[in-house]
Amino acid sequence: MSQLEQSRRAIAIAAPKLGDEEWEACREPLLSGWLTQGPKVAAFERAFASKHGVQHGIATSSCTTALHLALAARGIGQGDEVIVPAFTWVATANVVRYCGATPVFVDVDPYTYNIVPELVAQSLSAKTRAVIPVHLFGLCADTDAIRSIVGEDVFVLEDAACAAGASYRGRPAGGLGDAAAFSFHPRKSITTGEGGMITTNLAPLADHARTLRNHGAGISEEDRHRGPQPFELPEFDEVGFNYRLTDLQAAVGLVQLGKLERFTAERRRWARWYSDQIASIEWLRPPTVRDGYGHAWQSYVTVVAEDAPAPRDDLMTRLQERGVSTRPGTHAVTELRAYRDSRGSCPVAAQLERQTMALPLHNNMTADDYEYVIDELHHL
Ligand SMILES: Cc1ncc(COP(=O)(O)O)c(C=O)c1O
């Protein structure tokens, strides 16, 4: 490849894969004039729930609002403690604060990057009302071990933001705990621009979440306007939120959902290829996937060794200059100023924040792009 071609190369860390079908799908809601939550959202909820093997889907405006809504629907509030991993996107902890409850941070496994069940056991207290195992980067947390530690009374809420299409011991993410929250942000495998989804098999929780999603109104907008008494204002038994997804977004989501298996299979193929290629780079550790886990590969996150040719951030700068975008895996939330006074020390999370490096992996990349990334890694 010529130097000119090389310098023009720009491989994004992630990019949504959208096309004419998504564009076409927007016609119907646009022309119908029903843009907010309506029939498309209902169809998206049914299709998403069925694909993830659960009975109920409740679409929301983001995964953050899905997590908050699920905690609120469960009645988590002031005085309650919620166990969360220290290595995650900050939203996992923020939603606990939104409820007035206290996040209790637990360290993660240096290989899977996921919450360590034995450390969950050490963090349980009489105030523990929930635990949020995060399926980080698309790899499920060990939810069976967590359930057996916390028992049936503690609410297990999967943060499945990155886990559409992931599986654990043959079961899809989304039905592994009491409820789960997914994200459709453009950095995820399938997208609606912004968007989220609660999945659950608990009918009362689903009903409560639906009500709270729409300001706490006793009847949905669609049912009211299309029902026999559209003029009658609903009753509000409690204070809710506006966390609705729009029908326009759901129309896109339905098309994207139809592509999930293909997207995931392609990601799996290239993740395997990356790991094979990286095996010969001594200073770079590929992600670990244990038996029984079906990784969805929202991100391909490596660990840069302390004795790498240069510090991680310098390597990321060099790669960026050569047109390869990389990112740190995610935050150690306990290191963020907003959470500095949280109790507990989580050294593995802090180290992973410093040493992880996500490589580009998405459904717009060509074989040539992947080969270029590996080539550049070999020549750092
Ligand atoms: C683990 C995790 N939880 C929650 C979120 C929040 O998702 P959203 O942007 O849809 O609110 C993200 C987003 O990146 C995430 O990675």
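## Exercises on strands, domains and a ligand shell

Leu284 has Val304 of strand 12 standing opposite it. That pair is a good way into this predicted model, and the exercises below build outwards from there.

### Exercise 1: The sheet around strand 12

**Task.** Find the order of the strands in the open sheet and the sense of their pairing.

**Solution.** Start with the pair just named, Leu284 and Val304. Strand 10 and strand 12 (residues 300–304) are joined by two bridges in the antiparallel sense.

Next, go on to the other partner. Strand 12 also pairs with strand 13, again antiparallel, this time over four bridges. Here Val301 faces Ala358 of strand 13.

Now put the pieces together: the three strands form an open sheet in the order 10-12-13, with antiparallel pairing. Strand 10 (284–285) and strand 13 (356–359) are the edge strands, each pairing on one side only.

### Exercise 2: The two faces of strand 13

**Task.** Sort the residues Thr356, Met357, Ala358 and Leu359 by the way they point from strand 13, and decide whether they are buried or exposed.

**Solution.** Thr356 and Ala358 point one way from strand 13. Met357 and Leu359 point the other way. As for burial, all four are buried.

### Exercise 3: A proline that touches strand 13

**Task.** Where is Pro328 found, and which residues is Pro328 in contact with, leaving aside its neighbours within four places in sequence?

**Solution.** First, place the residue: Pro328 lies in the loop between helix 13 (312–321) and helix 14 (347–355). Then list the contacts, with those sequence neighbours set aside: Glu353, Thr356 and Met357.

Now classify its surroundings. A residue needs 20 or more other C-beta atoms within 10 Å to be buried, and 12 or fewer to be exposed. Pro328 has 18, so Pro328 is partly exposed.

For a longer view, take Gln256, which is 72 residues from Pro328 along the chain; their C-alpha atoms are separated by 27 Å.

### Exercise 4: A parallel set and its crossover

**Task.** Work out how strand 4 is paired with strand 2 and with strand 5, and what unit strand 4 makes with helix 8 and strand 5.

**Solution.** Begin with strand 2 (residues 81–85) and strand 4 (residues 128–131), which run parallel and are joined by three bridges. In this pairing Glu81 stands opposite Thr128.

Then turn to strand 5 (residues 155–160), which runs parallel to strand 4 and is joined to it by two bridges. Val131 stands opposite Val156 there.

Finally, add the helix: strand 4, helix 8 (residues 143–150) and strand 5 make a right-handed β-α-β unit.

### Exercise 5: Phe137 and its partners

**Task.** Is Phe137 buried or exposed, and which residues does Phe137 touch, not counting those up to four places away in sequence?

**Solution.** Locate Phe137 in the loop between strand 4 and helix 8. Phe137 has 25 C-beta neighbours inside 10 Å and therefore counts as buried. With residues up to four places away not counted, Phe137 touches Tyr113, Cys162, Gln298, Ser299 and Val301. Thr330 is 193 residues from Phe137 along the chain, yet their C-alpha atoms are separated by 9.3 Å.

Follow the contact to Tyr113, a residue in the loop between strand 3 (102–106) and helix 7 (117–123). Its phi is near 70°, a positive value in a residue other than glycine. Tyr113 is buried, because 26 C-beta neighbours lie inside 10 Å.

Compare His215, in the loop between helix 9 (203–213) and helix 10 (221–226). The phi of His215 is also positive, near 65°. With 16 other C-beta atoms within 10 Å, His215 is partly exposed.

### Exercise 6: Two domains in contact

**Task.** How many residues does each domain bring to the contact, and which element gives the largest share on the side of domain 1?

**Solution.** The domain assignment gives domain 1 (3–14 + 261–378) and domain 2 (20–259). Their C-alpha centres are 26 Å apart. The contact takes 33 residues from domain 1 and 32 residues from domain 2.

On the side of domain 1 that touches domain 2, helix 12 (260–278), strand 11 (293–294) and helix 14 each supply at least two residues. Helix 12 has the largest share, five residues. By type, this side divides into 16 nonpolar, 13 polar and four charged residues.

### Exercise 7: The ligand shell

**Task.** Which residues come nearest to the ligand?

**Solution.** The ligand has 14 residues around it, of which Ser62, Cys63, Thr64, Ala161 and Ser183 come nearest. Helix 5 (63–74) and helix 6 (91–98) are the elements that give two or more residues to this shell. The shell divides into six nonpolar, seven polar and one charged.

Definitions and conventions: Residues are numbered from 1 along each chain as its sequence is written. This is a predicted model: local features need pLDDT of at least 70, side-chain atom pairs count only at pLDDT 80 or more; totals for chains, interfaces and linings use all residues. A residue is near a molecule or strand if its C-beta atom, placed from the backbone, lies within 6 Å of it. Ala, Val, Leu, Ile, Met, Phe, Trp, Tyr, Cys and Pro count as nonpolar, Asp, Glu, Lys and Arg as charged, and the others, Gly among them, as polar. Two residues are in contact if their C-beta atoms, placed from the backbone, lie within 7 Å. Two strands pair if DSSP finds at least two bridges between them. Domain bounds come from an automatic or database domain assignment. A crossover is right-handed if, with the strands pointing away from the viewer, the path from the first strand over the helix to the second runs clockwise.
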